[in-house]
Every structure is written in structure tokens, then in C-alpha cells.
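Reader: I keep meeting labels like "antiparallel", "tilted" and "buried". Could you show me how they are earned in a real example?

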Amino acid sequence: MSTINSLSYFQSHRFVLKILCFDPDQLKTNRKFYFLTTIAVSLVFTFGYPFHLGMNLFRNETTNQDMMNLAAFLPCLGSSLKFSIYALNYGKVRRMEELLKMLDERVIGLNQKSIYAKVRWHLRLVLYTFIGAYTPCGLTAAMMFLFAEEWGLMLPGWFPFDWGSSLWIYCLVLCYQVTGLSYQLLQNYISDCFPSVVLCLISSHTQMLYCRFEEIGLNSIEDAEKELERCITDHKNLLELFKITETFMSLPMAIQFSFSAFTSSFGIASLFFFANEPMVRAYYICYLIAMIVQIFPCCYFGTDSEFWLGRLHYAAFSCDWIGRERTFKRKLMLFVERSLKSNKAMACGMLPIAVGTFFATLKFAYSLLMIILQRN
């Protein structure tokens, strides 16, 4: 409770980035070997893995394999696109970290620290939710391969050579698919979890700013006008952090909404009409849960941050402002006018990152499923 450090919740993301051979600190030092390694790994897994799945679309022997191929290709393609966009815009993370540090330094008092304690639990729940959603996908994919009647590829894919010509080539191909799938799952963890954590921190710091506004003037020792100015500065930092986060995740979230709708509908169709083995059904169940889970936390905290940013003007009028100087009231009124402006995170300026969009995505997936069933 005594130490406030929002950046501590990004340690798992930094660790995963190192595994993915994308360590910004090492890339910044202009180490040519690490830079070339990052490019090579990206070509082999970030772009190569969706490519080898996409080249085999609708070229499989059975409809079940075609659906499995499509269900694996779409999430991998979406994951690669999102991670590539985040990697190109990673420079914005430095400014986000600076703003979070400044906001952490302003957290004082038991009320604010009790809010931060609740946020710890929320953030840990978010981290464990993503880990609990993606890990079963990888495990059931491996179990589906191990318990198959005939051994083949773990996921239907294309290779420019005959992978069944020798045992060592077959083992090499399997190692590539297992490593590539793990790489894609880790990329998804970064792409989906990081924006959710930042939005959760924005919501929590807004709640703590709400408490600071309410307490202005209650302490006779402090200068109420100076504290008001500091709170207005905190609000500016929060809005800057919110805008940077919105631009950082705008395009990736639009991609995520689109791919989640398609993959969910194809996953349901595969589960009920094409899956004929127990482990295949288990894989599709875990697959569907992961498709739903990966967009809900970001939508939830997008709505929560919008709600609390829109309530700050109530806190401003809850402070002891009646008997204050004219300059104090003028600054307070200017803040209230600014806080009345709506702050809603948007994906590509079209889709709000909110709970309503989450349910709209599920409705679209259901409508698409009905179209698929009518075609069949």
C-alpha cells in the first residue's frame, strides 16, 4: 500500500517481448545482431506462420480440415497484424510510462490507496484471465494432434517441400508448427492484454483524482488553489494518457473486432457441424472462449474509463468552493467546462471501445453463423 508503481503491471509484457525477440531496450542500442535476429524471427513466425496456413486454405482433403485451417489462419493473421502495428508504434509507450509515473506520485491518503489496492486485484484478474484463455488453446491443439487416429500436421498448412518424405523433416515441420503457435499465442497476449491494463489504470487514476477533488479545501493547512491547480494538471495528464492509448490501440482494436466476429462464427460452425472427435471439440470450445475473452476486458475498461472521466465535474462541485476566492472559482469553472467533454475511446474513429461494441460483435458473429447455415 505504501509504494504506488503502476509500471509493475507491465513486467510480464516486457518478459514476453524478450521471448518474442523484441526487446526495445536492446533495439535502441543499435545492436546489429539483435536487430537482424528480430527481423529474422518476425519473417519466420510473425509473417511466415499465417502465410503457411493461408496458402493451404480450402485445399485440404476434408471439410473438417478446411474449417480447422480457416479457424487457425484468421486468428494468426489478426495476431500478426496487431503485433506489427503495436511494434511500429512502440515509441508511444515511453510517454505513457512517464505519465503513469507522474500520476502515481500524486496518489496520497488512505482513500486513494484503497482504490489502488482494488485495482491490483482487477489487474491480476485480467492477467490471469488472458493466460487462462490462451494456455488451454495451445494445450488442446497439442492434445488434438497426439490423440488423432492418423498422425499428420498439428494444423493444416502448406510447405514448399514434401514433409512426409523423411522422419527428420516431419519432426522439423512439427517443431515449426508448435513454436509458431506458441509465438502467436504470446503475441496475442501482448496485443490484447496491454491495452486492457492501460485502460484499467486510467480508470483507477481517474477515480483517485475524483477523491482528490472532493478533498480540496478540507485541509486548512494546504493552499486550496494550489491543490486545485495540481488536480487540473493531473486531469491534463490523464487526458493525454487516454488520447495516446486511444491512438495506440485504435487500428488494432478495429482489426480485433472484425476478426473476432468471423472467427467466433466459424468456430461455432466447426464445433457443431464438423468436429467429430472429442479432442477436436475440446479445442474448439477453448478456441471460442479465447475469442470472446480477448475483447471483453478492453471493452469493459473502455466503458469504465469513459464513465469516470465523465463524472469528474461532480467531484469538482463536491469540494469546499463556496467561500473561496474569485480566482479559485474561475479555475474551477474552466475545469468543469473541460471535463464535460465526452472522452470515448474509438477504434478507427468508428467503433467505440466499449461493452456495447462487445455485444454488437457477438450479434454480428451470430448473424454470420446464420448466413453460413442457410448457405449449407
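Author: Sure, and keep in mind that this is a predicted model. Look at helix α4 (residues 63-88) and helix α8 (residues 224-273): they pack at an angle of about 170°, with axes 10 Å apart.

Reader: What makes α4 roughly antiparallel to α8?

Author: The label needs an angle over 145 degrees. Theirs is about 170°, so α4 counts as roughly antiparallel to α8. Where they meet, α4 brings residues including Leu70 and Ile85, and α8 brings residues including Phe259 and Phe266. That contact divides into 17 nonpolar, 4 polar and 1 charged residues.

Reader: How many aromatic pairs does the structure hold?

Author: There are 26 aromatic pairs. One of them is Phe159 with Phe161.

Reader: Why is the pair of Phe159 and Phe161 called tilted?

Author: Stacked means planes under 30 degrees apart, and edge-to-face means over 60. Here the planes are at 35°, with ring centres 5.8 Å apart, so the pair is tilted. Tyr283 and Tyr287 get that label too, because their planes are at 40° and their centres 6.0 Å apart. These two tyrosines sit 4 residues apart in helix α9 (residues 278-293), about one helical turn.

Reader: How do you know which of these rings are buried?

Author: Buried means under 20% relative accessible area. Phe159 has 14%, so Phe159 is buried. Tyr283 at 6% and Tyr287 at 4% are buried as well. Phe161, at 40%, lies between 20% and 50%, so Phe161 is partly exposed.

Methods. Residues are numbered from 1 along each chain as its sequence is written. This is a predicted model: local features need pLDDT of at least 70, side-chain atom pairs count only at pLDDT 80 or more; totals for chains, interfaces and linings use all residues. Side-chain values use heavy atoms; hydrogens and water are left out. Axes are lines fitted to C-alpha atoms, for helices over the stretch in contact, and angles run from 0 to 180 degrees between N-to-C directions. Angles under 35 degrees count as roughly parallel, over 145 as roughly antiparallel, 65 to 115 as roughly perpendicular and the rest as oblique. Contact means heavy atoms within 4.5 Å. Ala, Val, Leu, Ile, Met, Phe, Trp, Tyr, Cys and Pro count as nonpolar, Asp, Glu, Lys and Arg as charged, and the others, Gly among them, as polar. Rings of Phe, Tyr and Trp (its six-membered ring) pair if their centres lie within 6.5 Å; planes under 30 degrees apart count as stacked, over 60 as edge-to-face and the rest as tilted. Buried means under 20% relative accessible area, exposed over 50%, partly exposed in between (1.4 Å probe, protein chains only).
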